[in-house]
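Thanks, everyone, for making the time; I would like to walk through one model this morning, going from aromatic rings to a helix, then to cysteines and a few backbone details. Please have the sequence and the structure open while I talk.

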Amino acid sequence: SLLKQLEDEIRKTTDDKPLLDLLSDVWGYAVKFKQVQLRPIIWTILRKLGEKTPPAVLQALAERDAEGNLKNEALYNPLPPLLQKLVWEADWAERISLDADMEPTTYLEKVSGTILFQTMHPCVTQYCTNKLLVQSANLPFVSNTRDRKILTTQRRALTAASVAASTPGTASLIRGKASSSRKSDQASSGKAIAELRDFLTDSSGNKSIYRPQLFYAFLSILVVQHGSKKETFMGGADFLQCTLVSDILLSSGGPLPPAYQQVQTLARNLDECVEKGDISDEAIIRIQKLIRQIFQPDLNPDEVEMPTKKNVQETVKDDLSNATKRQLNRIVTESISVMKQADPQSLFLNPVTDKIAPNYSKVIKKPMCISMMEEKVANSLYNSVEDWQNDVKLMFNNCINYNRGQSGKWFRDEAQRQIKVFNDEIFPQARKLFKDELVKKQHELVSNRKRPVDDAPDLNPLPPSVKKRKKDKDDLAPSMPALASMLMADPFFVRIVLARVLKELRQGVRAGNALPLAHRAIPSLLQFLHLSRFSTQVCATQGKRFVVPGGGMETVDQPDDALNFVPYATLRNDLPLLLRLLIEAEVDAKVVVGEEWHDADRSTLLKPPPIDHSLWVISDQMEVSVSLIEGALVHVCQPGSTSEASLATTFEKFAVALRLVGVTLQHHRVFFQCLIAGILRHKAKLTKTARDKIVECWLDWLRSFKEGRATCAAHECFVMLLNEWSSIGNLVLPRDTMLEFTKKAVEAVNDAEYSGEKKFHNLWQSGDAEFAPVKKQYLRMLKMLPDSNANEWKGEVGLLTESETPSVAGVQDVAPEDAGEGAEPAE
């Protein structure tokens with residue numbers, strides 16, 4: 001009764017001083033002397049004080065013992081949510097200095113000891129390990145817009161309505177998942193976001209307002225977690241913290257602090273592109289504007305080139321010159337043939353030497369002949385028919401000027417005759433043909449544009465920049481460039497940008513006869529990809545140093561300048577080579593099925609000149625180029641993109657390119673998974689020639705890796721592909737052939753390992769964690785085999801010792817009761 005009366009008096013008190021005095025008196029008895037009956041008094045006082053609770057009390061509630069457990073857990077657990085959040089904030093402020101300059105690993109070690117991290121980490125883990133979300137994020141290359149929309153339904157799982165609207169088509173892309181399981185997984189990700197939002201906000205009526213310090217601390221954790229990742233480009237599910245940042249910004253129940261408005265707008269624009277499955281020119285412009293505001297706030301808007309009619313007309317002119325030069329060369333070549341017919345003695349065919357005409361080089365300072373014109377045509381040095389006309393006039397005038405006097409009269413007359421033929425017949429016809437082609441091409445280019453020329457948007461990439469941000473101790477907001485770079489690295493958005501670049505290479509560039517550099521959107525899209533590539537580096541410094549990489553438009557000669565040289569090399573060097581591979585793939589498909597090509601052409605088209613391997617820029621920083629080549633190969637492997645008959649020829653060309661530039665290819669699990677999905681769509685229609693070529697190229701990949709072959713993703717996915725083929729039936733891959741292929745894989749991985757511990761058989765026996773996924777695929781293969789075949793294979797690859805009998809070995813790893821001829825393959 002006395003305790004209840006005291007609690008009522010505490011609730012009625014309006015002065016904080018007696019409450020603080022009472023709290024000081026009671027605290028020692030309740031905490032130090034474990035007087036349990038006094039705890040309700042402390043709870044009542046703290047509820048009354050609320051935000052005015054002394055920091056020392058909050059820090060005392062957050063104290064830990066040697067094992068990391070809360071010393072005052074009995075006092076902490078019954079506290080209402082507001083007071084628990086105050087404890088989190090006090091604990092964070094004490095353990096993590098706001099102006100600390102620490103390495104990501106050190107920062108994460110300190111952060112992992114905070115109550116905030118321990119409270120929210122299960123929700124973050126639940127979100128980032130969601131099965132459907134992981135599978136969707138690990139598909140960076142999707143064939144069409146519809147499939148990209150299907151794979152983004154997981155991102156819409158924030159409300160029950162979005163779960164109900166889930167697209168059934170997801171089952172066709174994610175095997176073995178029932179509808180109820182899919183809805184459960186979607187609900188789990190939405191539940192994780194809802195719980196995180198509740199942890200970070202204070203509810204007021206129907207609104208939820210983020211607590212600035214908690215919001216800052218939580219986002220700082222995600223930033224540093226992303227900064228601790230490997231410096232890779234396509235992180236897939238490893239980059240789901242980036243996706244979580246986007247969903248947290250988009251799912252706020254109330255207004256965000258003003259500092260976050262720009263990144264929230266950026267998240268909303270990126271999410272619209274993800275939801276549509278495509279990124280339009282208008283979206284590119286909006287995203288560029290936001291990036292400039294976040295990364296380059298000091299840049300004068302007047303310094304940024306804005307869209308004008310003149311810019312667009314110059315772009316059309318550049319595209320036009322690329323498109324019509326070949327037509328000009330063709331017209332000049334045909335006209336030169338007519339000139340040869342008008343010169344039966346071949347007087348003007350070859351260069352004149354001093355031996356033929358004494359002192360010719362002293363009289364004629366600028367010689368010209370038909371052969372020299374043909375050489376200029378071959379090098380595309382003529383920009384107009386008038387340039388060629390000037391060379392023709394020079395050639396005839398040289399003849400007239402040298403052949404003076406009576407002895408040269410015949411040569412002068414012959415030159416005059418041919419000049420008349422050229423002026424009256426040859427040149428007027430050539431000029432008319434070229435003019436007609438010019439008008440026709442210009443009409444096609446302008447009519448193909450979705451917008452009028454006057455309204456065409458400006459898609460020039462942003463200027464490169466490197467900036468440093470000095471952290472203010474009182475600034476309760478993380479680095480906005482760090483958050484923006486994470487949004488750009490969201491695997492769902494990266495997938496959209498990659499798809500647009502590959503689409504433009506296949507359609508826009510080739511249709512317009514332009515190079516990637518001259519394309520309107522590709523340089524800006526590449527800048528987005530390079531910006532996402534640098535996201536881990538920006539987050540590793542907690543946004544204290546952030547960059548906008550170059551767009552590749554300006555010439556850069558220093559390979560060490562990754563910020564500008566890598567985009568330059570990608571745009572100027574690697575994309576044209578990739579474009580050639582795409583064209584050759586189309587030619588291969590048409591030659592095989594006999595479309596549009598005459599028999600006389602096929603002998604040369606089947607064996608085009610190989611690409612010079614030295615042309616590729618080989619560096620571990622060219623990840624964007626490698627990803628585009630990977631995406632193009634995945635597209636080529638889709639049924640309908642190429643025929644089964646031409647797949648073997650085309651696959652080998654792309655495989656060689658990847659072997660040259662894919663320095664870290666062995667770890668690109670998301671690429672191999674997408675590649676397997678594309679290959680398996682051929683099902684039983686896959687030819688033996690194509691199958692053997694794919695296996696040969698895959699083994700060449702394994703042999704090209706200098707180390708880590710046995711545990712790499714390429715090895716795991718190779719065996720996975722063989723298992724999938726075998727499960728289709730013997731028509732695609734007989735079991736004996738599968739065993740031969742896996743023996744070659746084991747030989748390939750053993751050849752590179754000098755250490756005995758890294759040999760295949762030692763890794764198998766050691767239980768190495770990195771080797772576990774590879775071993776899982778081999779065990780799956782062994783379960784599909786009879787015991788005798790399985791034991792024979794294990795003996796040939798060195799997995800059986802002399803003391804082991806076949807029956808014992810079969811029991812160890814294969815589980816005979818589940819194995820056999822008719823056993824179903826494990827997922």
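Let me begin with a definition: rings of Phe, Tyr and Trp (for Trp, its six-membered ring) pair if their centres lie within 6.5 Å, with planes under 30 degrees apart counted as stacked, over 60 as edge-to-face and the rest as tilted. By that criterion, ring pairs link Phe 651, Phe 671, Phe 672, Trp 698, Trp 701 and Phe 718 into a cluster.

Before going further, I should say that this is a predicted model, in which local features need pLDDT of at least 70 and side-chain atom pairs count only at pLDDT 80 or more, while totals for chains, interfaces and linings use all residues. Residues are numbered from 1 along each chain as its sequence is written, and side-chain values use heavy atoms, with hydrogens and water left out.

How many aromatic pairs does the structure hold? There are 23 aromatic pairs. In one of them, the ring centres of Phe 760 and Trp 793 are 6.5 Å apart and the planes stand at 90°, so this pair is edge-to-face. Because Phe 760 belongs to helix H35 and Trp 793 to helix H37, the pair ties together parts that are 33 residues apart in sequence; helices here are DSSP runs of H or I with at least four residues, strands are runs of E with at least two, and both are numbered from the N terminus. Phe 760 is buried, at a relative accessible area of 0%, and Trp 793 is buried as well, at 1%, where buried means under 20% relative accessible area, exposed over 50% and partly exposed in between, using a 1.4 Å probe and protein chains only.

A charge also comes into play elsewhere: Arg 533 lies over the face of Phe 534, at 4.8 Å from the ring centre, the criterion being NZ of Lys or CZ of Arg within 6 Å of the ring centre and within 35 degrees of the ring normal.

Turning to helix H36, residues 772–783, its 12 residues should span 16 Å, and the end C-alpha atoms are indeed 16 Å apart; the expected span is 1.5 Å times one less than the number of residues. Its buried residues are Val 774, Lys 775, Gln 777, Tyr 778, Arg 780, Met 781 and Leu 782. What covers these buried residues includes helices H33 (713–728), H34 (735–752), H35 (760–766) and H37 (787–796), with contact meaning heavy atoms within 4.5 Å.

What about the cysteines? The structure holds zero disulfides, a disulfide being a pair of cysteine sulfur atoms within 2.5 Å. For Cys 712, the closest cysteine sulfur is that of Cys 717, 8.8 Å away and therefore too far for a bond. Cys 712 counts as buried at 1% relative accessibility, and Cys 637 counts as buried at 0%.

Finally, the backbone. Most residues other than glycine have a negative phi. Ser 346, however, has a positive phi near 55°; this residue sits in the loop between helix H18 (309–341) and helix H19 (360–363) and is partly exposed at 40% relative accessibility. Asn 359 lies in the loop between H18 and H19, has a positive phi near 60°, and is partly exposed with a relative accessible area of 45%.
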